[in-house]
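Thank you all for coming; I would like to walk you through one model this morning, beginning with its interior and then moving outwards. Please have the sequence and the structure open while I talk.

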Amino acid sequence: MTTMIDIKKAINSLLKMKYPTYKRYGIEVTEGYERPSFFVDLRLDGRNDATANIEKKDCSCTITYFARKIDDIDNLTKVEEIQQLLSGKDSRNRKKRMCLYVNDRYIPVTKYHFGYTGEKNNILQIGFTISYFDFCQEEEDRQLMQEMKMKERLER
């Protein structure tokens, strides 16, 4: 089972690998953060039962980049670099595609986009969506048989 925590850890690991000196924060930090830094916000957009034991999940991720100083070239470089972090080769058809590696599986990344936010509209936000199927086995609520005795009888 792939949890939201697993996905967020995978995103933060990618950012840490590429930008080891940058801090990464969650939504709990609202002031006192260092620059340059990233804020990673992960949200569940939908969860639907596909079968009795399989559910489909749709998540959106927003990475907000607080640069040391406002620089359009630096922002566009981050857009390209993070897109490259999410691009990998699909081992089945050897085609390059965007995906996130989580718990020994590749989850497809779609709707990669960027924009700006803030009072002066100069804080970079990169967004993307991931959709995946997850196995969720239901627990039995009945007591299992403890012991069974059998007598074998041969008839001719």
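In the largest nonpolar core, which has 30 residues, the members that touch the most other members are I11, I63 and L100. By nonpolar core I mean a set of buried Ala, Val, Leu, Ile, Met, Phe, Trp, Tyr and Cys residues joined through side-chain atoms within 4.5 Å, where buried means under 20% relative accessible area, exposed over 50% and partly exposed in between, with a 1.4 Å probe and protein chains only. Two or more residues come from each of α1, β2 (37–49), β3 (54–66), α2 (72–85), β5 (96–102), β6 (105–117) and β7 (123–135); helices (H or I, at least four residues) and strands (E, at least two) are DSSP runs, numbered from the N terminus. Leaving aside residues up to four places away in sequence, I11 touches V40, L42, C61, I63, L100 and F128, contact being heavy atoms within 4.5 Å.

I should say at once that this is a predicted model, in which local features need pLDDT of at least 70 and side-chain atom pairs count only at pLDDT 80 or more, while totals for chains, interfaces and linings use all residues. Residues are numbered from 1 along each chain as its sequence is written, and side-chain values use heavy atoms, with hydrogens and water left out.

Turning to the strands, β5 and β6 run antiparallel and are joined by 4 bridges, two strands being paired if DSSP finds at least two bridges between them. V102 has R105 in β6 as its bridge partner, and in this hairpin, with 2 residues between the strands, N103 takes a positive phi near 50 degrees. β6 also pairs with β7, in the antiparallel sense and over 7 bridges; here the hairpin has 5 residues between the strands, and G118 in the turn has a positive phi of about 100 degrees.

R105 brings us to T2, which lies in the segment before α1 (4–18) and counts as buried at 3% relative accessibility. The side chains of T2 and R105 are joined by a polar contact of 3.2 Å, that is, a pair of N or O atoms within 3.5 Å, where within protein one must be able to donate a hydrogen and the other to accept it, and residues adjacent in sequence count only if both atoms are side-chain atoms.

R105 is also linked with R47, D49, E55, K57 and D134 in a network of salt bridges, each being a side-chain nitrogen of Lys or Arg within 4 Å of a carboxyl oxygen of Asp or Glu. Within this network, the closest N and O atoms of R47 and D49 are 2.9 Å apart; R47 is partly exposed at 41%, whereas D49 is exposed at 56%.

What, finally, of the aromatic pairs? The structure holds 12 of them, rings of Phe, Tyr and Trp (its six-membered ring) being paired if their centres lie within 6.5 Å, with planes under 30 degrees apart counted as stacked, over 60 as edge-to-face and the rest as tilted. Y22 and F38 have ring centres 5.7 Å apart and planes at 25 degrees, so this pair is stacked. Because Y22 lies in the loop between α1 and β1 (23–25) and F38 in strand β2, the pair ties together parts that are 16 residues apart in sequence. F38 is buried, with a relative accessible area of 0%, and ring pairs link Y19, Y22, F38 and Y65 into a cluster.
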